[in-house]
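Work through the exercises below with the sequence and the 3D view open. Each task is followed by a solution in steps.

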Amino acid sequence: MSTIEHWIGGEFTAGRSTRKGPVFNPATGEQQHEVVLAAPADVDAAVAVARAAFEEWSQASLSRRAKVLFGFRELVNARVKDLAEIISDEHGKVLSDAAGEVQRGLEVIEFACGIPSLLKGSYSDQASTGVDVFSFREPLGVCAGITPFNFPAMVPMWMHPVAIACGNTFVLKPSERDPSASNYVARLWQEAGLPDGVFNVVHGDKEAVDAILRHPDIAAVSFVGSTPIARYIHEQASATGKRVQALGGAKNHAIVLPDADLDFAAQHLTAAAFGSAGERCMAISAAVAVGAAGDALMDLVSRKAAEVVVGPGRDPRSEMGPVVTAAARDRIESLIGSGEQQGAKLLVDGRGLRVPGHENGFFVGPTVIDQVQPTMDVYTEEIFGPVLSVVRADDVDAAIDLINSNPYGNGTAIFTSSGEAARRFQRGVHVGMIGINVPIPVPMAYYSFGGWKDSLFGDKHIHGPEGVSFYTRGKVVTSRWPHVSHASGASLHFPTAS
Ligand code: NAD
């Protein structure tokens, strides 16, 4: 069993803390590593190194930064398989899904390779007689990222490539449940020529997070995780004057109208509900079956759910792996039980699944619960497992009202052949990311990712143009180079153009 250490200033270190946490292989249920859990002194050490590195990196030319980013892109691209295996072994997701997450992270790196264009300012020649006005953006300093277990490579990549391309230095605090991918990525940054100290990884739990939130030399915090922690991060980081974006949890609804191609909808609903064992912030966890669509849709979804091949992530035959921990499995199974007790109809029950040869793995099978009411726990809780709750609605407006009554507003989708209904939906829902016949509408890297309401605290979405804006601050210069004979004539009036 190896010990996973911090990466500070371009080398691994055990740090000062003696605390450690277990890292499991969810497919076998066995502990495979231990990870060091930082003390505040370890966060201090990483921030000190990052602060010193900022002096040089913030002055690096755009072409030098782009060159490092391109090198990093090549290395990540060449190591997708390695990264996918690391992710699968600690998270549990199947290899193809893990490779997909790395691919979506790569797209953010590719976006960040365009930093010379992204940081172009604006220029107004002769804004006033002999006066020019121009704007540009500068990096903030040391930025921190605090990330969840469910995308151990992609979610950090929503942050650090953009922050670093903008000239910042970075301290990443990944999830302590699957920490290895971040260390692997750290070495790739170094290999790409990033100066030591620009990218650092501090492993830990609440103690490390609180030290980040309190640290006076951290300028900005990006967080992705559950809603209660997102709210806490936003409050605490704002209170210490930091810029903060905190993305929270979700309950993503997909509406299926009777005019939809039901087979297509059922296929995509199944994939969106059970892919990655439902441990995606953009998973569809609630289906809203409208009118006559209901019964036929339930037949199709139940059949497809029962056909999903569940097994270890490393087995290429597996379509869905285990969930991340035994505690997660127990919580998911208990919520399924509550649905049954509260009167919902369990069409497919994934509890108690045993995978031959992996009897101690943290497996829960795909589960479909019909006739769910909005007051039931399976509806109000973010289950974060392979459970699709189905609510029935009379028409599209009732379905939109249901979505808008939900405290979350991350993603949503509609399946329909009606352009009119789709347009009513896209304009009517209070949700940040919307799919039309697309169940998991994760925006491309050159757009920004973010939900509304309890799915995001702070005003900036992540990566894309809003990411560049988040990791930089603007300057506007008003400049005059007077001809000697025009040098006089200053006035106490408020300046207006002349
Ligand atoms: P989590 O909130 O438990 O943990 C996220 C991070 O916060 C981790 O690094 C963890 O160490 C830290 N943390 C946990 N408890 C803390 C505490 N009490 N104080 C300070 N820090 C704490 O989330 P998770 O279980 O790792 O990930 C799943 C959650 O993340 C789900 O709710 C999911 O919807 C959400 N998520 C959201 C998005 C999005 O884009 N909105 C993306 C991915 C995941």
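**Exercise 1: A sheet of three strands**

β6 pairs with strand β7 (residues 131-139) in the antiparallel sense, over 4 bridges. The model is a predicted one.

Task: Find which strands stand at the edges of the open sheet that contains β6, β7 and β23, and say why one side of each is left without a neighbour.

Solution.
- Step 1. Write down the order of the open sheet of 3 strands: β6-β7-β23, with antiparallel pairing.
- Step 2. Look at the edges, where β6 (122-128) and β23 (472-480) stand. Each has a single partner strand, so one side of each has no neighbour in the sheet.
- Step 3. Add the twist: neighbouring strands of this sheet are turned by 25° against each other on average, direction ignored.
- Step 4. Check one pair of residues: opposite Ser122 stands Ser135 in β7.

**Exercise 2: A sheet of seven strands**

Task: State the order of the strands in the open sheet of 7 strands, and name the edge strands.

Solution.
- Step 1. The order is β15-β16-β17-β14-β13-β19-β20, and the pairing is mixed.
- Step 2. β15 (345-348) and β20 (433-436) are the edge strands, since each pairs on one side only.
- Step 3. On average, neighbouring strands of this sheet are turned by 20° against each other, direction ignored.
- Step 4. Helix α15 (residues 419-428) packs on the sheet and touches β13, β19 and β20. The direction of α15 makes about 175° with that of β20.
- Step 5. Inside the sheet, 4 bridges join strand β13 (residues 252-256) and strand β19 (residues 411-415) in the parallel sense. His253 has Thr412 in β19 as its bridge partner.

**Exercise 3: A hairpin**

Task: Describe how β4 and β5 are joined, and find which residue of their hairpin takes a positive phi.

Solution.
- Step 1. Strand β4 (residues 20-25) and strand β5 (residues 30-36) run antiparallel and are joined by 6 bridges.
- Step 2. Asn25 has Glu30, in β5, as its bridge partner.
- Step 3. The hairpin has 4 residues between the strands, and Gly29 takes a positive phi near 80°.

**Exercise 4: Two residues with positive phi**

Task: For Lys453 and for His463, decide whether the residue is buried, partly exposed or exposed.

Solution.
- Step 1. Recall the background: most residues other than glycine have a negative phi.
- Step 2. Lys453 has a positive phi near 50°, and its place is in strand β21 (residues 452-453).
- Step 3. Lys453 has 17 C-beta neighbours inside 10 Å, so Lys453 counts as partly exposed.
- Step 4. His463 has a positive phi near 45° and is found in the loop between β22 (456-457) and α16 (464-470).
- Step 5. His463 has 27 C-beta neighbours inside 10 Å; the cut-off for buried is 20 or more, so His463 counts as buried.

**Exercise 5: The annotated span and the ligand**

Task: Give the helix and strand content of residues 14-477, then describe the residues around the ligand by class.

Solution.
- Step 1. An unreviewed UniProt entry annotates residues 14-477 as "domain: Aldehyde dehydrogenase".
- Step 2. This span is 41% helix and 22% strand, and its end C-alpha atoms lie 46 Å apart.
- Step 3. The ligand is surrounded by 27 residues, the closest being Pro148, Gly225, Ser226, Gly249 and Cys281.
- Step 4. By class, the shell has 12 nonpolar, 10 polar and 5 charged residues.

Definitions and conventions: Residues are numbered from 1 along each chain as its sequence is written. This is a predicted model: local features need pLDDT of at least 70, side-chain atom pairs count only at pLDDT 80 or more; totals for chains, interfaces and linings use all residues. UniProt positions are given in the numbering used here, feature names are shortened, and annotations may be inferred rather than shown by experiment. Helices (H or I, at least four residues) and strands (E, at least two) are DSSP runs, numbered from the N terminus. Two strands pair if DSSP finds at least two bridges between them. A residue is near a molecule or strand if its C-beta atom, placed from the backbone, lies within 6 Å of it. Ala, Val, Leu, Ile, Met, Phe, Trp, Tyr, Cys and Pro count as nonpolar, Asp, Glu, Lys and Arg as charged, and the others, Gly among them, as polar. Axes are lines fitted to C-alpha atoms, for helices over the stretch in contact, and angles run from 0 to 180 degrees between N-to-C directions. Two residues are in contact if their C-beta atoms, placed from the backbone, lie within 7 Å. A residue is buried if 20 or more other C-beta atoms lie within 10 Å of its own, exposed if 12 or fewer, and partly exposed in between; C-beta atoms are placed from the backbone.
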